[in-house]
Amino acid sequence: QTDVADNDFNLLELQGEPFRFRIGKKMWFATKVKTNDADDGELVVGLGIATAVILTTLPTDGLFFSKTETATRMDFHARKDSVSTQLTGIDPTVLADNATREYAFYIDETGKVSVYVDWVLAGTVAAGNTNMPDDEDLHFMIGNQTGAADAHTLHCDYVIIVQEF
């Protein structure tokens, strides 16, 4: 939970960077999250490189879901060297306070990314996309930031990350 200051944030990052996108190796990522203030604050969850202030500036490399301060739907990023291929507003309905959502992606052996919201296909990133983060090791990250002077809570029910090696 954040404190009551505007722009206060919490960020949890897995120590070490054990994941890397590789053509020919499948990867699965899934999480179930909810926040108490869905339309006034930033959110991020997924895989990215280590960074000090992740909610002010997106990580330069990663595969992750994010929401800007006043947005009411999450976006998905395949991001390399600060350039994203972005699937915008992928939630089928606007986010609601304290409502859980499940976000997932699957990367097949060709490098195609299939993105899911509540286990329904929300979009794809084509195999061969130049913004796939293929030159960085990644770690799990999850965080939220207040959009006003109210405390925000972000709950995570589960995280699943599986990668072929």
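Student: Where does D91 lie in the chain?
Tutor: D91 is part of the loop that runs between β6 (83-87) and β7. Bear in mind that this is a predicted model.

Student: Is D91 buried or exposed?
Tutor: The number to look at is relative accessibility, and buried means under 20%. D91 has 2%, so it counts as buried.

Student: Which residues is D91 in contact with, leaving aside its neighbours within four places in sequence?
Tutor: R73, M74, R101, Y103 and V117 are in contact with D91.

Student: Let us step back to the whole chain. How many helices and strands does the secondary structure come to?
Tutor: There are zero helices and 11 strands. Along the sequence the pattern is therefore written with β alone: β-β-β-β-β-β-β-β-β-β-β.

Student: What share of the residues counts as buried?
Tutor: Of 165 residues, 44% count as buried. The chain has an accessible surface of about 7,500 Å², and carbon and sulfur atoms hold 51% of that surface.

Student: How do I read the contacts by separation in sequence?
Tutor: Take the contacts in the chain with a separation of 6 or more; 65% of them are between residues 24 or more positions apart.

Student: Next, the strands. What is the strand order in the open sheet of five strands?
Tutor: The order is β9-β8-β7-β2-β11, and the pairing is antiparallel. The edges are taken by β9 (120-125) and β11 (154-163); each has a single partner strand, so one side of each lacks a neighbour in the sheet. On average, neighbouring strands here are turned by 15° against each other, with direction ignored.

Student: How many bridges join β2 to β11?
Tutor: Nine bridges join these two antiparallel strands. To find the register, look for residues that face each other: A30 stands opposite I160 in β11.

Student: How many bridges join β8 to β9?
Tutor: Five, and β8 and β9 also run antiparallel. S114 has T124 in β9 as its bridge partner. The two strands form a hairpin with two residues between them, and D118 in the turn has a positive phi of about 50°.

Student: Is D118 buried or exposed?
Tutor: Neither; with a relative accessible area of 31%, D118 is partly exposed. Apart from residues up to four places away in sequence, D118 touches R101 and E102. The C-alpha atoms of D118 and A104 are 8.0 Å apart, with 14 residues separating the two along the chain.

Student: Where is Y106 found?
Tutor: Y106 is in strand β7. Its relative accessibility of 22% makes Y106 partly exposed.

Student: Which residues does Y106 touch, not counting those up to four places away in sequence?
Tutor: The list is K26, M27, W28, K112, V113, S114 and Y116. K26 is 80 residues from Y106 in sequence, yet their C-alpha atoms are 7.4 Å apart in space.

Student: How should I approach the interior?
Tutor: Start from a general tendency: in soluble globular proteins, nonpolar side chains tend to be buried together. In this model the largest nonpolar core has 29 residues, and F65, F76 and F105 have the most contacts inside it. The elements giving two or more residues to this core are β2 (27-35), β3 (41-48), β4 (62-67), β5 (75-80), β7 (101-107), β8 (113-117) and β10 (139-146).

Student: What does F76 touch, not counting residues up to four places away in sequence?
Tutor: F76 touches L63, F64, F65, T85, Q86, L87, I90, F105, V113, V115 and V125.

Student: How many aromatic pairs does a search of the whole structure find?
Tutor: Eight. One of them is F29 with F105, a stacked pair with 5.2 Å from centre to centre and 15° between the planes. F29 is in strand β2 and F105 in strand β7, 76 residues apart, and the pair links these distant parts of the chain. Both F29 and F105 are buried.

Student: Why is the pair of F65 and Y103 called tilted?
Tutor: The label follows the angle between the ring planes: under 30 degrees is stacked, over 60 is edge-to-face, and the rest is tilted. F65 and Y103 have planes at 45° and ring centres 5.2 Å apart, so the pair is tilted. This pair links strand β4, which holds F65, with strand β7, which holds Y103, across 38 residues. F65 and Y103 are both buried.

Student: Which residues form the aromatic cluster?
Tutor: F29, F65, F76, Y103, F105 and F140 form one cluster.

Conventions
Residues numbered from 1 in each chain as written. Predicted model: local features only at pLDDT ≥ 70, side-chain atom pairs only at ≥ 80, totals over all residues. Heavy atoms only, no water. Core = buried A, V, L, I, M, F, W, Y, C linked by side-chain atoms within 4.5 Å. Buried < 20%, exposed > 50% of the residue type's maximum accessible area, 1.4 Å probe, protein only. Helix = DSSP H or I, 4+ residues; strand = E, 2+ residues; numbered from the N terminus. Contact = heavy atoms within 4.5 Å. Phe/Tyr/Trp six-rings, centres within 6.5 Å; stacked < 30°, edge-to-face > 60°. Pairing = 2+ DSSP bridges. Axes fitted to C-alpha atoms, helices over the stretch in contact; angles between N-to-C directions. Areas by Shrake-Rupley, 256 points an atom, 1.4 Å probe, with all protein chains shown as cover.
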